[in-house]
Each structure stands twice: as C-alpha cells, then as structure tokens.
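I opened the notebook to look up two things: the open space in the protein and the surroundings of the ligand.

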Amino acid sequence: MKHRNPVETLASARHEFGEHGGVNMSVEASTTFTVMHSSTMPDIFGGKKGPEKGGCYLYGRHFNPTVYTLGKQLAALEGTEAAYCTASGMSAISATLLQLCDANDHIVSSNTVYGGTYALMHDLLPPKTGISTTLVDITDLDAVEAAITDRTRVIYTESVANPTLRVADIPRLSAIARRHGIKLVVDNTFSPLVLSPIKLGADIVVHSMTKFINGASDYIAGAICADAAFIQEMMDLHTGMLMILGPTMDPQVAFNINLRIPHLPLRMTEHSKRTQLFAERLQDLGMTVSYPGLAAHPDHELMSELHCPDYGYGGILTLDMGTVEKANELLDLLQNEYQFGYVAVSLGYFDTLMSCSGSSTSSEMTDEDKAAAAISQGLVRLSIGYTGTIEQRWNQMEEALRRVGAISRK
Ligand code: PLP
C-alpha cells in the first residue's frame, strides 16, 4: 500500500488570500449576493454559473465563499474533487444517505457506528421513508456481501468504529460495493489524516468536524467529501438534500475552523503518539485496553497496511473496566481528583475526554445490538489530549487506577 501524506495538497488548498491581501481569507458574512446584471440570475439558478463558473454566488444556503473555501480544504484533505461543509456531522450523514437512497431502498451498515447514526438508520428512516438497514459485522466481508439485496444502495461504515475501534477493510469493502454497483460511504471522524478512505476505494467520506478536525470543542460541524457531480446533485434546487433540507454552515464557523486546519497534522501526530504510549503502558499493567496501534488489536495488521504512518494509529483508546460502576468510579477520580481530563462525550479535543460508551454515545442501541457490537457495560472511551506533560498525565492515570483497585499498590 502506497501511503500518501495528504498534507501536501492540504497546504496548497489553503492558499487563499483575503480580499485585502491578508494571509487569511475574509469572512464573507453575507446571506445573499448581488449580480451586476439581473440577466445573470437565471444562469446561477440553472447551474450555468457558480463559484467555479464565473465566480457567481447566489444565496448562503446554496454557496457562501467562506464556507466554500473551507470545503476546498476538506476536499484536499480527503483527496476528493469537492466537499461541502455542513452544520453538523449528523446532517452530513443524514443528507448523504437520503441523497443516495430512495423510498424503500436498503443500506448495509456496520453494526458498530455512532449512536446517532444508528438511531437514524434503525429508528428514524424506516417509518419515515421505508429505507431499511441491515446491521452487519463490517469485519466479516462474507456477511457484508450476503446482506446486499437488489434494493441496496449503500455500504456504510466508520473507518475506525465508535467506540470499539474495529477497523474497516476499505479496499475490500470497496471491491464488494463496485461489484454490486453501489456506493461505499465512510465516516472518517476518528481518523482524519491517519486514514484516507477515498484513496483506499471509498466513494464518499463524511466527517463530524466537531471532533479532531476542529479540535477545540467549540463548534458543531460536518463535511461531505465526494466527486463534484455528487456534491452538485446535493445542491439541486429541487431534489438536493443540502439545498432543500438546509443544514448550512455559518461562515464565521467556517472561518474559525479554517484557522485550525493547518494545525491538524501536528495535533493528530501528538494525539496518536500519546495514545500509543498510554495504550502500551496500560497493556503492560494488565489492563483490558484496546488500540489499533497495539499488536494485540485484532485489526493491527490491517491498520498498519492502510494508515499513513506519519500520523500513527489515532487518538482514541478504550479501557474495559468490567462494570459500569467501576468505570464511573475511575472517570470521576480522573476528572475530579487528578484533573486528568473531562468526563464528557465527544472526542478530538486538546484535553482528554472520557465517557462510558454504553450509557452515553451508544445508548441509542438496543441491548442486543450493543452485545453484537461488543460494547460492554464497563467500556470507557478515552480521547487522549495533548495538554500537560506525558509523565504528569501518566502518573495521574496510574494513581487513579491504583485507587480504584484496578492495579496493585506499589
Ligand atoms: N460520526 C461519529 C463517528 C461521531 O462520533 C459523531 C458524534 O459523536 C458523529 C458522527 C455526529 O457528529 P455531530 O455531533 O457533529 O453531529
């Protein structure tokens, strides 16, 4: 597998001058855009003129120059022709699936996806649209293929699953999708830069930019990265899910996220470096730890083949504390006595965020589906931050583990 570091194209995509020659782009805080001649308007509405066709903008829910420029950076990051930034990760996911599926179509999805995505497929889409989903173990390629019917339009997976950290074999899933003439949609929220799903054969990448890409836990944001024709289809005035449902990103948000993109490579490198180290040390202490960078992880070899080594194996690990009580005890100590991090959902923040997945971000799942996905009661997800020194943070973790009796006293 030839690993390409996406940073080269990312840097050139950012080369956008502000209107006064500033090194940063300007914030275009307009919801509507003037045309010099009213005769131009029908051409914009008809798609004959636009941001890449004569520089004409129409209306902020359609295209805004600042949001559009952030989209170009996302396209460079994921190696797609185009990208569109949305108001949340969930709006990126729901708009994409609704664009690809008509009433009564079918999705084959990984059985281990973010709880909101699960609820969309399991609870919302069937009664509203007749779109049904078969949940499968995405690492079982025979099961994936066997679940495809003549109504299937999409194979859906997270590149690295939330929260179990199982890794999708994107090249092989892509081969299955191609064989059946359907699309492979990959949520790459857990592994920007670490994995480049489009290069590995995916058709569409979705992101919650709320997480690593923004990195500061101050904005909810999403993105859809795909070929230009698909993004264009999503902007159609009559049937485009982005244009009609309107999950528009605010230009001020786009501007601020754009300022954090240049640091993403540095941040991902540090997240991964620290998470690898913590995973190894937790393993040495005999803890039940899971991290794709550990040789013991079931997908370590696959991830080693697919990832860009410059960014390691990602910034998230899980720790199975056995019971929810033990997990909560550890998290409370880590936050309230040791200031190791925050007990909060979400991930990709500069400080460590910790949550018990089964009772939080996967709580939408039925008990049977949680069991099938191996989301146990005591499973703690840690998104490892990079504040403080490594040894200071490690001492806090080791001390808290001793206090809850997970490791023996020195
Ligand atoms: N995808 C994954 C993997 C997530 O973890 C989340 C949120 O936690 C989402 C999508 C949804 O993103 P947002 O909260 O930005 O709508």
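These entries take the pocket, then the ligand.

**Entry 1: pocket**

I noted at the start that this is a predicted model. I looked up the largest pocket and got a volume of about 450 Å³. Its lining has 26 residues. I listed those closest to the pocket centre: Pro51, Lys53, Phe63, Gln232 and Met235. Next I asked which elements give two or more residues to this lining. They are helices α2 (41-45), α3 (65-78) and α8 (228-234), along with strand β1 (82-86). I then sorted the lining by class and found 13 nonpolar, six polar and seven charged residues.

**Entry 2: ligand shell**

I turned to the ligand and found 13 residues around it. Met90, Asp187, Ser208, Thr210 and Lys211 come nearest. Which helix gives the most to the shell? It is α4 (residues 89-100), with three residues. By class, I wrote down four nonpolar, six polar and three charged residues for the shell.

**Entry 3: polar contacts and cover**

I checked distances to oxygen atoms of the ligand. For Lys211, a polar side-chain atom lies 2.7 Å from a ligand oxygen. For Asn162, I also found a polar side-chain atom, at 3.0 Å from an oxygen of the ligand. At Gly89, the partner is a polar backbone atom, 2.9 Å from a ligand oxygen. Last, I asked how much of the ligand's accessible area the protein covers. The ligand has 390 Å² on its own, and the protein covers 92% of that.

Technical notes: Residues are numbered from 1 along each chain as its sequence is written. This is a predicted model: local features need pLDDT of at least 70, side-chain atom pairs count only at pLDDT 80 or more; totals for chains, interfaces and linings use all residues. Side-chain values use heavy atoms; hydrogens and water are left out. On a 1 Å grid over the protein atoms alone, a cavity is a set of points where a 1.4 Å probe fits but cannot get out, and a pocket is an open set with protein on both sides within 12 Å along at least five of seven lines; lining residues have an atom within 4 Å of a point. Grid points are joined across faces, edges and corners, and a volume is the space filled by probe spheres set on the points. Helices (H or I, at least four residues) and strands (E, at least two) are DSSP runs, numbered from the N terminus. Ala, Val, Leu, Ile, Met, Phe, Trp, Tyr, Cys and Pro count as nonpolar, Asp, Glu, Lys and Arg as charged, and the others, Gly among them, as polar. A residue is near a molecule or strand if one of its heavy atoms lies within 4 Å of it. A polar contact is a pair of N or O atoms within 3.5 Å; within protein, one must be able to donate a hydrogen and the other to accept it, and residues adjacent in sequence count only if both atoms are side-chain atoms. Accessible areas come from the Shrake-Rupley method with a 1.4 Å probe; for residues, only the protein chains shown count as cover.
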